[in-house]
Amino acid sequence: MQEKAKKITPQILKKLKECGEKIALLTAYDYPMALIEDHAGVEVILVGDSFGMVALGYESTLQVTMQEMLTACKAVRRGAKMAMVIADMPYMSYQPSNSLAIKNAGKFVGEANVDGVKLEGACPIVNRIKAIVDIGIPVMGHIGFTPQSLKKFGNYSVRGKSKKEIEKLIMDAKALEDAGVFSIIIECVVEGVANKIKKEVGVPIYGIGAGNECDGQILVVHDMLGLFPGFLPKYVKKYAELSGTIEEAVKKYIQEVKLGEFPDEEHSYH
Ligand code: KIV
């Protein structure tokens, strides 16, 4: 497994972009997964609010709370030594006011010791982002499809299909850069749009369902490991089918318990 020499910072990510080295991000929500991802060499671990869906079983990301996100962030931080750990600010933890946004971003950094926070959206919340950046906390932006606005969008549709939508995405990315973000996630956007955005902004752009032109890619770890039984968007590539593997192991265990084969001599104290 590849060991990273230096702890990842926004400056290192910028350098990777400038050198043309693609950046690998993944989500994680607990200590063992953070240990594995960090050891494997992922540069950024996002404690996404997808935690609510893939690990807590909520219907959407809107139900996940600050307290739940803080617990997950603390666990991930303990496992990630080299990767940059970013906390996804949950629904209503930043939308109401700049002061609430600062207070909650401060909790993620002060209590969970994460390296930065992510906020969804652009033009309506750039003030929140600027306020957080101004107190010294790195912020990652997130545009395109933003799951916390699912009720407004109505569905999980792809963005950037029309000239107007592309212009809006470029405008959003520029507004985020002006507000001081150190990088931007673009979700569910037609191939080709990322390149147009890259021409207009200097910070690294990470794609999730946004084509191969981005400076890096992010996936939800439960999706790419085949651990989430729910709906999977087209962009998800499954690198493993762990739910099948786990179910087989659990079935074998049940069978051995029922047959009295477990524990055997090797797994008993003498
Ligand atoms: O919550 C999350 O996992 C995310 C990614 C999909 C980018 O925001």
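The following exercises, each with a worked solution, concern a predicted model.

Residues are numbered from 1 along each chain as its sequence is written, and side-chain values use heavy atoms, with hydrogens and water left out. Because the model is predicted, local features need pLDDT of at least 70 and side-chain atom pairs count only at pLDDT 80 or more, while totals for chains, interfaces and linings use all residues.

**Exercise 1. The ligand shell**

Task: list the residues around the ligand and sort them by class.

Solution.
- Step 1. Set the cut-off: a residue is near a molecule or strand if one of its heavy atoms lies within 4 Å of it.
- Step 2. Around the ligand this gives Thr27, Leu46, Gly48, Asp49, Ser50, Asp88, Lys118, His142, Ile185, Glu187, Ile208 and Val220.
- Step 3. Apply the classes: Ala, Val, Leu, Ile, Met, Phe, Trp, Tyr, Cys and Pro count as nonpolar, Asp, Glu, Lys and Arg as charged, and the others, Gly among them, as polar.
- Step 4. The shell then divides into four nonpolar, four polar and four charged residues.

**Exercise 2. Polar distances to the ligand**

Task: find how far polar side-chain atoms of Asp49, Ser50 and Asp88 lie from ligand oxygen atoms, and state what share of the ligand area the protein buries.

Solution.
- Step 1. For Asp49, a side-chain N or O atom is 2.9 Å from an oxygen atom of the ligand.
- Step 2. For Ser50, the distance from a polar side-chain atom to a ligand oxygen is 2.5 Å.
- Step 3. For Asp88, the corresponding distance is 3.1 Å.
- Step 4. The ligand taken alone exposes 250 Å², and the protein buries 96% of that. These areas come from the Shrake-Rupley method with a 1.4 Å probe; for residues, only the protein chains shown count as cover.

**Exercise 3. Strand β3**

Task: place Ala87 and Asp88, and decide whether Ala87 and Asp88 are buried or exposed.

Solution.
- Step 1. Helices (H or I, at least four residues) and strands (E, at least two) are DSSP runs, numbered from the N terminus. Ala87 falls in strand β3, residues 84-88, and Asp88 is in strand β3.
- Step 2. Buried means under 20% relative accessible area, exposed over 50%, and partly exposed in between (1.4 Å probe, protein chains only).
- Step 3. Ala87 has a relative accessible area of 0%, so it is buried. Asp88 is buried because its value is 2%.
- Step 4. The side chain of Asp88 makes a polar contact with the side chain of Lys118 at 2.9 Å. Such a contact is a pair of N or O atoms within 3.5 Å; within protein, one must be able to donate a hydrogen and the other to accept it, and residues adjacent in sequence count only if both atoms are side-chain atoms.
- Step 5. Ala87 and Ala72 are 15 residues apart along the chain, and their C-alpha atoms are separated by 9.1 Å.

**Exercise 4. Cysteines**

Task: count the disulfides and explain why Cys123 does not bond to its closest cysteine sulfur.

Solution.
- Step 1. A disulfide is a pair of cysteine sulfur atoms within 2.5 Å.
- Step 2. The count by this rule is zero.
- Step 3. The closest cysteine sulfur to that of Cys123 belongs to Cys214, 19 Å away, so it is too far for a bond.
- Step 4. Cys123 is partly exposed at 35% relative accessibility, whereas Cys73 is buried at 0%.

**Exercise 5. Backbone geometry**

Task: locate the non-glycine residues Asn113 and Cys188, which have positive phi, and describe the peptide bond from Phe262 to Pro263.

Solution.
- Step 1. Asn113 has a phi of about 60 degrees and sits in the loop between α5 (98-112) and β4 (116-118). Its relative accessible area of 48% makes Asn113 partly exposed.
- Step 2. Cys188 has a phi near 50 degrees and lies in the loop between β6 (183-187) and α9 (193-200). Cys188 is buried, at 10%.
- Step 3. The bond from Phe262 to Pro263 is cis, with omega near 0 degrees; Pro263 is in the segment after α11 (242-259).

**Exercise 6. Domains**

Task: give the domain bounds and the separation of the domain centres.

Solution.
- Step 1. Bounds come from an automatic or database domain assignment, which gives domain 1 (10-239) and domain 2 (242-270).
- Step 2. Taken over C-alpha atoms, the centres of domain 1 and domain 2 are 39 Å apart.
- Step 3. Leu242, in helix α11, has its C-alpha atom 5.3 Å from that of Gly226, 16 residues apart along the chain.
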